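User: I would like to go through this protein one question at a time, with the reasoning set out before each answer. Please show the sequence and structure before we start.

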Amino acid sequence: MLRFLLIACVVAVSPVMVQANPTAEIQENNFLDLVDGDGNVLIQARGVDAVNAEARAQGLAFPALGYWSPEGHCFVRPAPGDCNGVFKR
């Protein structure tokens, strides 16, 4: 019985662990996979705050599926460069 309960808990929590972390950049290949996803929208702006503001203006779903920038600029404040975010429509 205890083993069944433990397995049920792990199965229930595991989808939460695979979701993108909206406070850190993801790897480039994973990000590009998200960009190609059906119903996903790419937003580019200067830093994560500007990306989120543009996504909200377009009425996209939160949290973001992922953020990425070639130079790691997304979560640096003030943002020294462009950041890319992917959101669900």
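The questions and answers below go from the overall fold to single residues.

Analyst: This is a predicted model, in which local features need pLDDT of at least 70 and side-chain atom pairs count only at pLDDT 80 or more, while totals for chains, interfaces and linings use all residues. Residues are numbered from 1 along each chain as its sequence is written, and side-chain values use heavy atoms, with hydrogens and water left out.

User: In what order do the elements of the protein run from the N terminus on?

Analyst: Helices (H or I, at least four residues) and strands (E, at least two) are taken as DSSP runs, numbered from the N terminus. The protein has three helices and three strands. Read from the N terminus on, the order of these elements is α-α-β-α-β-β.

User: What share of the 89 residues of the protein counts as buried?

Analyst: A residue is called buried under 20% relative accessible area, exposed over 50% and partly exposed in between, with a 1.4 Å probe and protein chains only. Of the 89 residues, the share that counts as buried is 29%.

User: Which elements give two or more residues to the largest nonpolar core?

Analyst: A nonpolar core is here a set of buried Ala, Val, Leu, Ile, Met, Phe, Trp, Tyr and Cys residues joined through side-chain atoms within 4.5 Å. The largest one has 12 residues in all, among them V41, I43, V51, L60, Y67, C83 and F87. The elements that give two or more residues to this core are β1, α3 (48-57), β2 (61-68) and β3 (82-88). In soluble globular proteins, nonpolar side chains tend to be buried together.

User: How are the rings of Y67 and F87 arranged as an aromatic pair?

Analyst: Rings of Phe, Tyr and Trp (its six-membered ring) pair if their centres lie within 6.5 Å, and planes under 30 degrees apart count as stacked, over 60 as edge-to-face and the rest as tilted. By this rule there are four aromatic pairs, and one of them, Y67 with F87, has 6.2 Å centre to centre and 80 degrees between the planes. Y67 lies in strand β2 and F87 in strand β3, 20 residues apart, and both residues are buried. The arrangement of the pair is edge-to-face.

User: Which residues form one aromatic cluster, and which of its members does N52 contact?

Analyst: The aromatic cluster is formed by F62, Y67, F75 and F87. N52 sits in helix α3 and counts as buried because its relative accessibility is 14%. With contact meaning heavy atoms within 4.5 Å, and with neighbours within four places in sequence left aside, N52 is in contact with F62, Y67 and F87.

User: Which residues meet in a salt bridge?

Analyst: A salt bridge is a side-chain nitrogen of Lys or Arg within 4 Å of a carboxyl oxygen of Asp or Glu, and the structure holds one. Its partners are 28 residues apart, one in the loop between β2 and β3 and the other in helix α3. The first partner is exposed, with a relative accessible area of 55%, whereas the second is partly exposed, at 48%. With 2.9 Å from N to O, the residues that meet are R77 and D49.

User: With which side chain does the side chain of Q44 make a polar contact?

Analyst: Q44 is in strand β1 (residues 40-46) and counts as exposed because its relative accessibility is 52%. Not counting residues up to four places away in sequence, Q44 touches V51, D82, C83 and N84, and its C-alpha is 5.7 Å from that of C83, although the two are 39 residues apart in sequence. A polar contact is a pair of N or O atoms within 3.5 Å; within protein, one must be able to donate a hydrogen and the other to accept it, and residues adjacent in sequence count only if both atoms are side-chain atoms. At 3.3 Å, the partner side chain is that of N84.

User: Is H73 buried or exposed?

Analyst: H73 is found in the loop between β2 and β3. Leaving out residues up to four places away in sequence, H73 touches E25, G47, A79, P80, G81 and D82. Because its relative accessibility is 16%, H73 counts as buried.

User: Which residues does Q58 touch, not counting residues up to four places away in sequence?

Analyst: Q58 is found in the loop between α3 and β2 and is partly exposed, with a relative accessible area of 42%. The C-alpha atoms of Q58 and I43 are separated by 9.8 Å, and the two residues are 15 apart along the chain. With those sequence neighbours not counted, the residues that Q58 touches are V41 and I43.
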